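Trainee: Could you take me through this structure with a few questions and answers?

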Amino acid sequence: VQSTGLCAVNMASQDRREVLSKAATTMFDKVSKHIQGELYASTEDYKVLEKMNAITTDKFKELTEQAATINTEMGKLQAESSELIPALDQIDVLETSVEELLNTATLLDDYSKKIEAKYKEVIVARRS
């Protein structure tokens, strides 16, 4: 009778071990799959970051080249501007001279009109 009881206890204990072993195996499989999923997601995130970094690096290189080109062109424009300054100064002097000449011509025109008016007065006075 005792051996039958021990047998039943041993079988129940063995069944529990098998159930626990299967549960542990299932748990480890699920934890393993979860960790693999997390690693895959992290790997994919890293790949996206690498691509973004490469694109950003290329964009910065492009912007650096554009800035260098703009800087070179600015230097050329400044040189051309410096070359034009003497000509612009001459134009300013010429403009001032033309204004003075115009003022003189206006004064001369006014004076000649006064002389003409006086001449006409004298002619009219002599006829009378």
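The questions below deal with pairing and exposure of side chains.

Mentor: Please keep in mind that this is a predicted model, in which local features need pLDDT of at least 70, side-chain atom pairs count only at pLDDT 80 or more, and totals for chains, interfaces and linings use all residues. Residues are numbered from 1 along each chain as its sequence is written, and side-chain values use heavy atoms, with hydrogens and water left out.

Trainee: Which residue forms a salt bridge with Glu116?

Mentor: Side chains of opposite charge can pair when their charged atoms come close. A salt bridge here is a side-chain nitrogen of Lys or Arg within 4 Å of a carboxyl oxygen of Asp or Glu. Glu116 has a partner 4 residues away in helix 1, about one turn of the helix, and the closest N and O atoms, 3.6 Å apart, belong to Glu116 and Lys120.

Trainee: How many salt bridges does the rule give?

Mentor: Among them is the pair Asp109 and Lys113, at 3.4 Å from N to O. Another joins Glu62 and Lys59 at 3.7 Å, N to O. By this rule, the count comes to 5.

Trainee: Is His34 buried or exposed?

Mentor: Buried means under 20% relative accessible area, exposed over 50%, and partly exposed in between, with a 1.4 Å probe and protein chains only. His34 lies in helix 1, where helices are DSSP runs (H or I, at least four residues) numbered from the N terminus. Because its relative accessibility is 51%, His34 counts as exposed.

Conventions
Helix = DSSP H or I, 4+ residues; strand = E, 2+ residues; numbered from the N terminus.
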